[in-house]
Amino acid sequence: MDFPFLMIYAVPILAVWASFAFVWIAKPKDKKNIKLLLAFSGAFLLALTFFELLPEVYEDNSPKTIAVLILAGILLQVFLEFFSKGAEHGHMHINLQENKFPLLLFLSLAVHALIEGVPVDGNNSILYGIVIHKIPVAIILSIFLVNSKMKTGLVILFITAFSIMTPLGSYIATQSPWMEVNGHLMTSLAIGVFLHISTVILFESSQGHSFNLRKLIVIILGIGIAYLV
């Protein structure tokens, strides 16, 4: 078990569980700082998509095919959000029934997480971006689940299954013979997903449509750090 293995498969799982443990123990009420972290993660992930993934998929591949798949990724994420109600970018607009596992919410988040795990292999920068994106999303999701009427066992089941989806996507990407030849196609789809998620996080209206200097600063910081990674 070498270090890259730990990075690719263990770190995303630990990020989700650390976020859940933080919510379970601290029970945070103020989401302002979490939203700032979410804005930073969106800027960081968007910048890494431009700096790392876009040049990679367009190199030696059909530009039109890549563009179609990126657009397909955007549309796929729009479709998934009909069921997740925006959980991927930190919004929770869904009512959970007591003691009933939220299957549609889980499936939409699972597909999103599987796809985002595809570009991770051999690209530590994207791994950092995904982990930083996962932390605030997992915190907001955990707050929602912990405050819901679901049984604790169902909450733990949800977090457990959700935490392994991104590493599972990375595993499939590295082990599938089809992916060895066509990995750039799935990466293009993931780019579309990343573009949608990150731009929604960055460009959604601030409360009262007011100028938010702190949010602007963390966005610039996220882009700058991504450039230096």
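Is K27 buried, partly exposed or exposed? In this predicted model, K27 is partly exposed, its relative accessible area being 47%.

## Two loop residues with positive phi

K27 belongs to the loop that joins α1 and α2, and although K27 is not a glycine, its phi is positive, at about 45 degrees. Such a value deserves a remark, since most residues other than glycine have a negative phi.

A positive phi is also found at D60, again not a glycine, where the angle is about 65 degrees. D60 lies in the loop between α2 and α3, and with a relative accessible area of 75% it counts as exposed, because the cut-off for that class is over 50%.

## The largest nonpolar core

The largest nonpolar core of the model comprises 43 residues, and within it I70, I191, F194 and L202 are the residues with the most contacts. The elements that each supply two or more residues to this core are α1 (3-26), α2 (32-58), α3 (63-84), α5 (124-146), α7 (177-203) and α8 (213-228). Of these contributions, that of α2 is the greatest, with 14 residues.

L202 can serve as a point from which to inspect the packing. When its neighbours within four places in sequence are set aside, L202 is in contact with A39, G42, A43 and L46, and likewise with K215 and I219.

## A second core

Separate from the core described above, there is a second one of 20 residues, whose members include F20, F106, A113 and I159.

## A buried salt bridge

Side chains of opposite charge can pair when their charged atoms come close. The structure holds one salt bridge, and the partners in it are the side chains of E116 and K134, with a distance of 3.0 Å from N to O. The pair connects distant parts of the chain, for E116 is in helix α4 (residues 103-116) and K134 is in helix α5, with their positions 18 residues apart in the numbering.

Where do the two partners stand with respect to solvent accessibility, buried or exposed? E116 is buried, at 1% relative accessibility, and K134 is buried too, with a relative accessible area of 4%. Both assignments follow because buried means under 20% relative accessible area, and the salt bridge of E116 and K134 is thus formed by side chains of residues that count as buried.

Conventions:
Residues are numbered from 1 along each chain as its sequence is written. This is a predicted model: local features need pLDDT of at least 70, side-chain atom pairs count only at pLDDT 80 or more; totals for chains, interfaces and linings use all residues. Side-chain values use heavy atoms; hydrogens and water are left out. A nonpolar core is a set of buried Ala, Val, Leu, Ile, Met, Phe, Trp, Tyr and Cys residues joined through side-chain atoms within 4.5 Å. Buried means under 20% relative accessible area, exposed over 50%, partly exposed in between (1.4 Å probe, protein chains only). Helices (H or I, at least four residues) and strands (E, at least two) are DSSP runs, numbered from the N terminus. Contact means heavy atoms within 4.5 Å. A salt bridge is a side-chain nitrogen of Lys or Arg within 4 Å of a carboxyl oxygen of Asp or Glu.
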